[in-house]
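Reader: Hi! I'm new to this one and would love a friendly walk through it. Can we look at it together?

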Amino acid sequence: MRGPAFPRRVRVGRVVFRDPLCTCALLYILLYFDSSGFLRLGLLAAALHECGHILVFALLFGRLPVVEVTMTGLCMRVGGTHLTPGRRFVLAAAGPGMNALLAAVWYARASARLTVWGAAFLAANVLTGAFNLLPIPPLDGAQMLGACWEAARKKLQSAPK
């Protein structure tokens, strides 16, 4: 006799939840033990990072992308969308750019009186943006490096011999 089957994917509009039961359970446990509240700030920085990608995607293509929520985080799926190297670079840079913009605005706003929460939000944005700039797939740094490599390769191939 088989037990209840839990859905591996749940789709709500343009958002896809992979392994929603495990993801929600893990998130609940982490948030339950987050007495300092710093995890919440990190999750907020990660969500705002993805909002940067989503905003630029919507500006470039006039529609919202599919966003996948997994136990390892949020990921924007652009399968089937033709991305030139320039657009791919801009789209990948939008997330770290959003974190850098938020960090700069937060620093300017809080420089007169920086609280623990303000410093934590500033640090969460700096760390999220910097981590995503690492050239490791599927992070933004690898996408940006790949776009630069593709553009340079195309330029070399089209150059007169």
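Reader: Thanks! Let's start small: which strand does Thr70 lie in?
Author: Happy to help. Keep in mind that this is a predicted model. Thr70 is in strand β3, which covers residues 66-70.

Reader: And is Thr70 buried or exposed?
Author: Thr70 is buried, because its relative accessible area is 11%, and the cut-off for buried is under 20%.

Reader: What does the side chain of Thr70 make a polar contact with?
Author: With the side chain of Thr72, at 2.9 Å. If you set aside neighbours within four places in sequence, Thr70 is also in contact with Arg18 and Thr23.

Reader: Arg18 makes me curious about the start of the chain. How do strand β1 and strand β2 pair?
Author: They pair in the antiparallel sense, over four bridges. β1 spans residues 9-12 and β2 spans residues 15-18. Within that pairing, Val12 stands opposite Val15 in β2.

Reader: How many residues sit between β1 and β2?
Author: Two, and the strands form a hairpin. Gly13, in the turn, has a positive phi of about 65 degrees.

Reader: New topic: where is Asp34?
Author: Asp34 is in the loop between α1 (20-32) and α2. Asp34 counts as buried because its relative accessibility is 10%.

Reader: Which backbone nitrogens does the side chain of Asp34 reach?
Author: There is the backbone nitrogen of Gly37, which lies 3.2 Å from a polar atom of the Asp34 side chain. The Asp34 side chain also reaches the backbone nitrogen of Phe38, at 3.4 Å. Leaving aside neighbours within four places in sequence, Asp34 is in contact with Leu39 and Arg40.

Reader: What separates the C-alpha atoms of Asp34 and Pro96?
Author: A distance of 25 Å, with the two residues 62 apart along the chain.

Reader: Let's go to the inside. Which residues make up the largest nonpolar core?
Author: That core has six residues: Val56, Phe57, Met76, Leu83, Leu91 and Ala94. Helices α2 (38-61) and α3 (85-110) each supply at least two of its residues.

Reader: What is Val56 in contact with, leaving aside its neighbours within four places in sequence?
Author: Val56 is in contact with Val90, Leu91 and Ala94.

Reader: How about cysteines: how many disulfides does the structure hold?
Author: Zero. Cys24, for one, is in no disulfide, and the nearest cysteine sulfur, that of Cys22, is 9.6 Å away.

Reader: Why is there no bond for Cys51?
Author: Because the closest cysteine sulfur, in Cys75, is 14 Å from the sulfur of Cys51, too far for a bond. Cys51 is partly exposed, with a relative accessible area of 39%.

Reader: Last topic! Where does UniProt place the feature "transmembrane region"?
Author: The unreviewed UniProt entry places it at residues 21-48, 54-76, 88-108 and 114-134. In the model, residues 54-76 are 35% helix and 39% strand, and the end C-alpha atoms of that span lie 8 Å apart. Residues 114-134 are 81% helix and 0% strand, with end C-alpha atoms 28 Å apart.

Reader: And which domain does UniProt place at residues 116-158?
Author: The unreviewed entry names it "Peptidase M50". Over those residues the model is 84% helix and 0% strand, and the end C-alpha atoms are 54 Å apart.

Terms used:
Residues numbered from 1 in each chain as written. Predicted model: local features only at pLDDT ≥ 70, side-chain atom pairs only at ≥ 80, totals over all residues. Heavy atoms only, no water. UniProt positions renumbered as here; feature names shortened; annotations may be inferred. Buried < 20%, exposed > 50% of the residue type's maximum accessible area, 1.4 Å probe, protein only. Polar contact = N/O pair within 3.5 Å; in protein donor to acceptor, adjacent residues only side chain to side chain. Contact = heavy atoms within 4.5 Å. Core = buried A, V, L, I, M, F, W, Y, C linked by side-chain atoms within 4.5 Å. Disulfide = S-S within 2.5 Å. Pairing = 2+ DSSP bridges.
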